Amino acid sequence: MATLTTPTPAPPSLTPRSRLILFVLCAAQFMVALDFSVLNVALPVLGADLGLGRSGLQWAVTAFALPSGGFLLLSGRLGDLYGRKKLFLAGLALFGAASVLATFAWDPASFLAARALQGVGAAAIVPTGMSLLTTTFPEGPQRDRALGISGTLLSLGFTTGMVLGGVMTDTLGWRSTMGLLSLFSLVVIPLAPGLLPESRTPERPRLDVPGAVTVTGGLLALIYALTTAAERGFGGADVLVTLVAGVALLIAFVVVESRHEAPLVSLPMLRRRTIAFGNLGGLVTFSMMSTVIFVLTLYLQQTLGLSAFATGLVFGVQGVVSVFAGSVAPKVIGRIGARRTLVLSLAGQGVFVAALLGIGAHSGAVLAGVAVSLASICHLGAIISYGVTVTSGVPDEEQGLATGLVTTTQQVGITVGIPLLGVLATTGGDLYGGVRTVLAVDAAIVLATALLLAIGLRRRA
């Protein structure tokens, strides 16, 4: 006799309102991701126009990276306590105003101040936007799909910025890159207040001021040291002092959190395997992929002699395949789970980065384009699956902490990869040999991390 089975109900589809909420949140994330890369190609032209020297050009990047990474955890917690929507809207307004100031900057001081304010705005937007996403969309297929779209636009925004930066600078001037960010904020700001729901923790515990001071100071010092080392190496006194200070402050942060009754970051949360290993996977995938993009840019332009525009087109293909990967990754997660997807994605990223070792000293643009695109598919799978892994099973009142860790991992990962490995490609006389060395070390680190996560994320019986 045949056994009747009840078909599994299809996951609920997104309502028109939830689609608009997702659009607003993802557009804001895309805007911030665009800001990470849109200015890179424009830096030489910008420096000549504003009178910025070599060190000034470095600060055009560092002035944004310092506050955007340093204030992430604090912003996530403030959103938990006082309202994520309020802080998100404040971040949007500040980011938009700072982008206008950067567009019309009249001297180096006004431009660097605008970049710093953009960084503070981004630090408010990113963790609160992610918290609003994870609290608006319930855990399961809807959240996986929302995180997939968000991760796709995050990767696409970074790649789009690389392509648009060169085109807009050549045709409209460097100020147009900052003007583009102003236009994005003008699109998002009018929609957000009426659409986004407010969310916060039910209680109002006292803010952990010592924890906020130590973690923010530690991250600021660490990011300064690493971004400066990317330009001048680790031999400078300021790099060494801030590096030691950053490590010391982060150690002090751990001590403070272990004794505070309402800590900024719950140490038991960090002891959860999904959060600890998930964030490790996120740190490695971001840091190692940003390093690959950096050294391939040097290889394509300085070894093969491609123009900046042609190099942007190579990475433009990467952006196109990211859209495909973003639509597929949530389905894979739904079928095999976020943990397995994270491990397999990291393994795939490592394999395709290793394939880049086949590039030659006189040819290899096609192989570089194909291999980096395939690596990017796996990279995006790792981004989405680590976000799902870290935020799954976390109660709503702690989502700000969890997503603050996720976004801090993203920022630190983007920051540390290039100074730690990229220096191997630029310090020696043989750029081609240095690029191959970086790619080999990069692939080994990613593959070793995939193996470690395969062991660490195994479900207990």
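Two residues are in contact here when they have heavy atoms within 4.5 Å of each other. With that in mind, the tour below moves through a predicted model, beginning with a single buried side chain and widening from there.

**The whole chain**

Before selecting anything, colour the chain by secondary structure: it has 17 helices and 0 strands. Of its 461 residues, 55% are buried, and among contacts with a separation of 6 or more, 84% join residues that are 24 or more positions apart.

**Stop 1: Gln29 in α1**

Select Gln29, which sits in helix α1, residues 16-37. Its relative accessible area is 8%, and because the cut-off for buried is under 20%, Gln29 counts as buried. Now show what surrounds Gln29: leaving aside neighbours within four places in sequence, it is in contact with Ile125, Val126, Gly129, Met130 and Ser150.

**Stop 2: the second largest cavity**

Keep Met130 and Ser150 on display, since both are among the residues closest to the centre of the second largest cavity, together with Gly151, Ile383 and Gln410. The whole structure holds 2 cavities of 30 Å³ or more, and the volume of this one is about 110 Å³. In all, 12 residues line the second largest cavity, and the elements that give two or more of them are α7, α15 and α16. What classes of residue make up this lining? The lining has 7 nonpolar and 5 polar residues, with no charged ones.

**Stop 3: Gly69 and its distant partner**

Next select Gly69, in helix α3, which covers residues 54-70. Gly69 is buried, with a relative accessible area of 1%. Not counting residues up to four places away in sequence, Gly69 touches Leu219, Ile223 and Gln411. Add Gln411 to the selection and draw a distance between the two C-alpha atoms: the separation is 5.5 Å, although Gly69 and Gln411 are 342 residues apart along the chain.

**Stop 4: the second largest pocket**

Helix α16, residues 399-426, is the element to highlight now, as it gives 6 residues to the lining of the second largest pocket, the largest share from any element. This pocket encloses about 570 Å³ of space. Of its 21 lining residues, those closest to the centre are Leu270, Asn279, Leu405, Thr408 and Thr409, and selecting these five is a convenient way to place the pocket in the view. Besides α16, the helices α9 (209-232), α10 (237-259), α11 (267-270) and α12 (273-303) each supply at least two lining residues. By class, the lining has 18 nonpolar residues and 3 polar ones, and no charged residue is present.

**Stop 5: the aromatic pairs**

A search of the whole structure finds 3 aromatic pairs, and two of them are worth showing as sticks.

Begin with Phe111 and Trp174, whose ring centres are 5.5 Å apart. How are their planes arranged? The planes lie at 90 degrees, and because an angle over 60 counts as edge-to-face, so does this pair. Phe111 belongs to helix α6 (residues 108-136), while Trp174 is in the loop between α7 (141-172) and α8 (175-195), so that the pair links parts of the chain 63 residues apart. Both are buried, Phe111 at a relative accessible area of 0% and Trp174 at 4%.

Move on to Phe286 and Tyr386, with ring centres 6.3 Å apart and planes at 80 degrees, so this pair too is edge-to-face. Phe286 is in helix α12 and Tyr386 in helix α15 (residues 365-391), a separation of 100 residues along the chain. Phe286 counts as buried at 6% relative accessibility, and Tyr386 is buried at 0%.

**Stop 6: the largest nonpolar core**

Phe111 also leads to the last stop, being one of the residues with the most contacts inside the largest nonpolar core. That core has 101 residues, and the others with the most contacts are Phe88, Leu92, Ile125, Leu196, Leu296 and Leu439. Helix α12 gives the most to this core, with 12 residues. In soluble globular proteins, nonpolar side chains tend to be buried together.

Finish by selecting Leu196 and showing its surroundings: leaving aside neighbours within four places in sequence, Leu196 is in contact with Ile21, Val24, Leu25, Lys85, Phe88 and Leu132.

Key
Residues are numbered from 1 along each chain as its sequence is written. This is a predicted model: local features need pLDDT of at least 70, side-chain atom pairs count only at pLDDT 80 or more; totals for chains, interfaces and linings use all residues. Side-chain values use heavy atoms; hydrogens and water are left out. On a 1 Å grid over the protein atoms alone, a cavity is a set of points where a 1.4 Å probe fits but cannot get out, and a pocket is an open set with protein on both sides within 12 Å along at least five of seven lines; lining residues have an atom within 4 Å of a point. Grid points are joined across faces, edges and corners, and a volume is the space filled by probe spheres set on the points. Helices (H or I, at least four residues) and strands (E, at least two) are DSSP runs, numbered from the N terminus. Ala, Val, Leu, Ile, Met, Phe, Trp, Tyr, Cys and Pro count as nonpolar, Asp, Glu, Lys and Arg as charged, and the others, Gly among them, as polar. Rings of Phe, Tyr and Trp (its six-membered ring) pair if their centres lie within 6.5 Å; planes under 30 degrees apart count as stacked, over 60 as edge-to-face and the rest as tilted. Buried means under 20% relative accessible area, exposed over 50%, partly exposed in between (1.4 Å probe, protein chains only). A nonpolar core is a set of buried Ala, Val, Leu, Ile, Met, Phe, Trp, Tyr and Cys residues joined through side-chain atoms within 4.5 Å.
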